Amino acid sequence: MSSPVPKSPEQSEKSRKYDRQLRLWGDHGQRLLENSKVCLINATALGTEILKSLILPGVGSFTIVDGEKVTEEDIGCNFFLEYESVGLPRAQIATQCLLELNPDVRGDYIDETAEHILSNTQNFFKNFTLVVATGVSEKQFLAIARNYSAAASLVNVEVNDKSGVAVVTLQRPPVNSLNLELLTEIKQTLTGLEKNKSRGAIITSAFKTFSAGLDILEMYKPNPDRAKEFWTTLQDVWISLYSAQFPTVALINGPAPAGGCLLSLCCEYRIMVPKAVIGLNETQLGIVAPSWFAASMENVIGKRQTELALTTGKLFTTDEALKVGLIDEVVQTKEEGLEKAQGFIGSFARISPFARSLSKQTVRGGTIRSMVKGREADLQLVLVTLSKHLWECNVPLLVCRSIGFLGYVRLQIKEHTIIEAHPDSESPDLRLDIPWPALQEYLDGVNIEQLDQKEKNHVPPPVILRYYLNKYKESHEGKLPEKRVEKEALKQMIRDSGNSEEGKQRFVLDENFEQAIHYANSCVTTRAVPDHVQVILDDDCCTNLTQSSSSFWIMCAALREMVEAEGALPVRGTLPDMAADTNSYVTLQNIYQKRAQQQVEVIYRRASQIARNLGLSQETITESEVKYFCKHSSELHLIRGTCIADEYQKTNLDLTAYLEDPDSLIFYYVVLRGLERFIGEFNAYPGQFEDQVEPDILKLKGVIGKLLSEWGYSHALREERVYEVCRYGTAELHSVSSILGGCAAQEVIKVITNQYKPLNNIFIYDGINCTSASFCL
């Protein structure tokens, strides 16, 4: 008969609450989860879905790092944001809503960008168990157009209802010095104009100075984070203005030195009032103008004139500027200039906007690409910096992206050790091939053939199997059955011991004999150390311990010594349910448990001794930890991953094994990497604007082709894959983010609990065909 089921103790409120998940990762895993601290960078729809799936099972605490405000686009795809929260800190609102899911979880937020944190608090991310990052490989240029107020804003926008032309007036007193705040508003304005399909833009000033150039205080302020943000924002503005889809005019109604001149050079047409000056005069200030400053001027007045102007720091008068072609027209007043600017933009009324824009990109594309070569590193700076920082700290990083029906999860983990892998199928650890003395004495103390039928019914299956295994060895020169035919011979010996039914030519076996036959498949061969465990025991971290070695490696060192001495791993110490009488089952179970406890004590004493020899505290190794380690010693796994920063900086990414299959989802990884580069080059998502979907397909194909060429591949992507990404624009679908968020949260829990084998290292989801795949890059 089966062993009785022990009476369940009264469940605590927490046990009842988490009952289902405790069946998956147990009390030990739950404790690790409840003691963990997770950081989320950017509360996007995908990011909040990941946190949701961590908060519900009871993650200890979370912190959201996000400097963005809630936008209407966020409301459309993020269920944890409400319409009333538009304009409020996204981190704050998301934290408040997420905390409502589980009162046992603590949550906090920081209304700052990851760049700011990295620059000002180097050890901030080191305090977390794991960091999840969504949308950090881009600068999120596509914030929605805000309402601009002349009284509160540094930039005023007035759109002519008839012509659709916007007049963008800079109004930072006293002279429009380009500081971070002004540049940020200019960038937001240009993004809004692109989105609203403006017919054209006229850049001018509210003062008698067009712009005095870069605010010199920004260059010498002590905060390196602000200086970095200032410079990348200046690049944002240059790209936005220089590559604008609509016609642009600079109405220079006053002096425009240095950065002021740069703004005007980005425009297609320049109109200037008398008695003003313009030029890149950085040399006079002891500063060298960046190459993309020089390229902007060279494209207007030629290489020779640019060289003379830059080396001397020359400021051209209005007449001189007109003569060398630095400006296109002179007007007497600003009002006249506005009329001329409107006329220039109006001259394109009968010309196809698409053809005009493409022609402009053809002429300016080389300059943009040249600048972007250096800028791509800036756009990926946050991810690469974060990746390297967390890699050095050995803090896992999970990078996720969701766009349209596509998404991916990328796990960066330097070294991850798994104790409880939960294999799909696991045979009982009976050790019938090499029983220790106490077990051998019990097993060999029963002679099955001398028992009556009633007594046979109560014999535990291991005793039956051991009895017939000994008989098999006697007739096979002491060898164990290894091949299938040999095990069949052993099982037939057990079957032949059954009872013959009256009048029938067949034997009937009791349940315990049937179980013995079942165990014959997996419990009679020599129990060798699994290869994945032997690799760990032979690892340099196990054989050469240091004071920084973790408790895992110290226990592995003690385990290695036991394996070398005994030739096997510790006994698991548990028996499966089996047909037997209670006394026999309990007796046999106690034998296994006693042996397991003895081996735990041996490893615990040795591991503690090793820790002391390394100068570590006595609390480094706990007995409960060793008991858990020994019980699952056959499930030990080690994962050493790769650094995302290295992946982004490689020029020879090895995808050969995956690209041979034309249906492989690895092509979507290539597409998404191409998407990131596209954003860097064109300052917009492909297909962000409806009238640009078709040309963006060609551009994205070119970007992806160049990316593959850099990696040394000549494979062509299916056009429909590129088209799908362009069709998505900036869309993030909640349904896709929800699925991907659940998958990502699952990987986070695996890493935190040190149970189950986590992703190694990239997972791609295709919502169109409802398929997914994982790859190791």
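Modeller: A quick definition before we start: contact means heavy atoms within 4.5 Å. Keep in mind, too, that this is a predicted model.

Biologist: Fine, let's use that. What covers the buried residues of helix 26?

Modeller: Helix 26 spans residues 623–631, and its buried residues are Val626, Tyr628, Phe629 and Cys630. The cover over these buried residues includes helix 2 (19–34), helix 24 (551–566) and helix 25.

Biologist: Let's zoom out. How many helices and strands does the protein chain have?

Modeller: The protein chain has 777 residues, of which 53% count as buried. Taking its contacts with a separation of 6 or more, 73% are between residues 24 or more positions apart. The tally of secondary structure is 32 helices and 21 strands.

Biologist: Now the sheet of six strands. Which strands stand at its edges?

Modeller: The sheet is open, its pairing is mixed, and the order reads 5-6-7-8-10-13. A strand at either end of that order has a single partner, so one of its sides has no neighbour in the sheet. Those edge strands are strand 5 (155–159) and strand 13 (329–330).

Biologist: What about strand 7: how many of its residues are buried?

Modeller: In a regular strand, side chains alternate between the two faces of the sheet. In strand 7, Gly200, Ile202 and Thr204 point one way, Ala201, Ile203 and Ser205 point the other way, and all of them are buried. The count for strand 7 is six of six.

Biologist: And over how many bridges do strand 6 and strand 7 pair?

Modeller: One pair to look for is Val168 with its bridge partner Ile203 in strand 7. The two strands also belong to a right-handed β-α-β unit, with helix 7 (residues 180–195) as the helix. Strand 6 and strand 7 run parallel, and the number of bridges is six.

Biologist: On the strand 8 side, which residue is the bridge partner of Ile202?

Modeller: Strand 7 (residues 200–205) and strand 8 (residues 248–252) are parallel and joined by three bridges. Ala201 has Thr248 of strand 8 opposite it. For Ile202, the bridge partner in strand 8 is Val249.

Biologist: At about what angle to strand 7 does helix 14 run?

Modeller: Helix 14 (residues 334–346) lies across several strands of this sheet, including strand 6 (165–170), strand 7 and strand 10 (269–272). Against strand 7, helix 14 runs at about 160 degrees.

Biologist: Over to helix 3 and helix 32. At roughly what angle do their axes cross?

Modeller: The axes of helix 3 (residues 45–55) and helix 32 (residues 734–753) come within 7 Å and cross at roughly 45 degrees. That makes helix 3 oblique to helix 32. The contact is made by residues including Leu46, Ile50 and Leu54 of helix 3 and Leu740, Ala744 and Val748 of helix 32. To repeat the angle, it is roughly 45 degrees.

Biologist: Which elements do the buried residues of helix 5 pack against?

Modeller: Helix 5 (residues 90–99) has seven of its ten residues buried, so the rest of the structure largely encloses this helix. Those buried residues are Arg90, Ala91, Ile93, Ala94, Thr95, Cys97 and Leu98. They pack against helix 3, strand 2 (61–65), helix 4 (72–77) and strand 3 (106–110).

Biologist: Next, which residues of helix 20 and helix 21 make the contact?

Modeller: The axes of helix 20 (residues 484–495) and helix 21 come within 9 Å and cross at roughly 175 degrees. The cut-off for roughly antiparallel is over 145 degrees, so helix 20 is roughly antiparallel to helix 21. The contact brings Lys491, Ile494 and Arg495 of helix 20 to Phe513, Ala516 and Ile517.

Biologist: Is Gln515 buried or exposed?

Modeller: Gln515 is in helix 21 (residues 511–519). Leaving out residues up to four places away in sequence, Gln515 touches Pro461, Met578 and Ala579. With a relative accessible area of 18%, against a cut-off of under 20%, Gln515 is buried.

Biologist: Last one: is Lys594 buried or exposed?

Modeller: Lys594 is in helix 25 (residues 582–613). Its C-alpha atom is separated by 9.8 Å from that of Val571, 23 residues apart along the chain. At a relative accessible area of 58%, Lys594 is exposed.

Key:
Residues numbered from 1 in each chain as written. Predicted model: local features only at pLDDT ≥ 70, side-chain atom pairs only at ≥ 80, totals over all residues. Heavy atoms only, no water. Pairing = 2+ DSSP bridges. Helix = DSSP H or I, 4+ residues; strand = E, 2+ residues; numbered from the N terminus. Axes fitted to C-alpha atoms, helices over the stretch in contact; angles between N-to-C directions. Buried < 20%, exposed > 50% of the residue type's maximum accessible area, 1.4 Å probe, protein only. Right-handed = clockwise from strand over helix to strand, strands pointing away. Parallel < 35°, antiparallel > 145°, perpendicular 65-115°, else oblique.
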